[in-house]
Amino acid sequence: MTKKNLILTSLSLLLLDQLSKKIIFTQNPPHQKNTSLFLFNIQPTLLIILSLILLTTLFLWLVKTTKKTDKRLTLALSLIFTGGLSNFLDRSISGYVIDWLFLPFFPFSVFNLADVYITLGTFLVFIPSKKQPSTTLLQ
């Protein structure tokens, strides 16, 4: 994946997430002031600072990985970074993250496309490679 394609894909996914939130819920959207599933009750300012530190770390890791030929890790980190950036933008601008996707068989979960990107990227990082079945991308 070239840098240009990576940037275009990330920007497209970011735009898709942001537009989906604006189009689907223009009035009174469900939102999340804390973290996913309310695992931590963190002050909003601290959560923004921690998010910024994590996004910066992910970005630096992504830049380092892009120079290598590991396309799967680059894609995984790009998905995680894009999802994190979109949720960070929500939290920084609105003070909360807009969640709108609901799975009836998982009643306590409401999420957004950015959360899907983060989850897919995480799976790509931790699922063993077919070329080397005993290893993950982090080994």
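## A walk through the fold, its core and a pocket

Of the 139 residues in this protein, 37% are buried. Keep in mind as you read that this is a predicted model. The fold has four helices and four strands, and if you follow the chain along its sequence they come in the pattern α-β-α-α-β-β-β-α.

Let's start with the nonpolar core. The largest one is made up of eleven residues: L6, L55, L58, L62, L73, A76, L77, I80, F81, F88 and V125. Two elements, α2 and α3, give two or more residues to this core. Which element gives the most to this core? That's α3, with six residues.

Now for the second largest pocket, which has a volume of about 270 Å³. Its lining counts 14 residues, and L6, I7, F59, L62 and F81 are the ones closest to the pocket centre. Three helices each supply at least two lining residues: α1 (3–24), α2 (44–66) and α3 (71–94). Here α1 gives the most, with six residues. As for chemistry, the lining divides into nine nonpolar residues, four polar ones and one charged one. Some names turn up again here: L6, L62 and F81 belong to the largest nonpolar core, and they are also among the residues closest to the centre of this pocket.

Next, the aromatics. The structure holds one aromatic pair. The partners are F59 and F81, with ring centres 5.8 Å apart and an angle of 45 degrees between the planes, so the pair counts as tilted rather than stacked (under 30 degrees) or edge-to-face (over 60). It links distant parts of the chain, as F59 sits in helix α2 and F81 in helix α3, 22 residues apart. Are the two rings' residues buried or exposed? F81 has a relative accessible area of 15%, so it falls under the 20% cut-off and is buried. F59, at 41%, lies between 20% and 50% and is therefore partly exposed.

Here are the relative accessible areas of some residues in this report, side by side:

| Residue | Relative accessible area | Class |
|---|---|---|
| F59 | 41% | partly exposed |
| F81 | 15% | buried |
| K21 | 0% | buried |
| G121 | 0% | buried |
| V110 | 35% | partly exposed |

K21 deserves a look of its own. This lysine is found in helix α1, and at 0% relative accessibility it counts as buried. What does the side chain of K21 make a polar contact with? Its partner is the side chain of D90, at 2.4 Å.

G121 lies in helix α4, which covers residues 113–126. At 0% relative accessibility, G121 is buried because that value is under 20%. The C-alpha atoms of G121 and G83 are separated by 9.1 Å, with their positions 38 residues apart along the chain.

Finally, there's V110, placed in strand β4 (residues 110–111). With a relative accessible area of 35%, V110 is partly exposed. How far is V110 from W100 in space, C-alpha to C-alpha? The answer is 6.1 Å, for two residues that are ten apart in sequence.

To pull the threads together, F81 is the residue to follow: this phenylalanine is part of the largest nonpolar core, is one of the residues closest to the centre of the second largest pocket and pairs with F59.

Conventions:
Residues numbered from 1 in each chain as written. Predicted model: local features only at pLDDT ≥ 70, side-chain atom pairs only at ≥ 80, totals over all residues. Heavy atoms only, no water. Buried < 20%, exposed > 50% of the residue type's maximum accessible area, 1.4 Å probe, protein only. 1 Å grid on protein atoms, 1.4 Å probe; cavity = no way out; pocket = protein on both sides within 12 Å on 5 of 7 lines; lining within 4 Å. Points joined across faces, edges and corners; volume = space filled by probe spheres on them. Nonpolar A, V, L, I, M, F, W, Y, C, P; charged D, E, K, R; others polar. Phe/Tyr/Trp six-rings, centres within 6.5 Å; stacked < 30°, edge-to-face > 60°. Core = buried A, V, L, I, M, F, W, Y, C linked by side-chain atoms within 4.5 Å. Polar contact = N/O pair within 3.5 Å; in protein donor to acceptor, adjacent residues only side chain to side chain.
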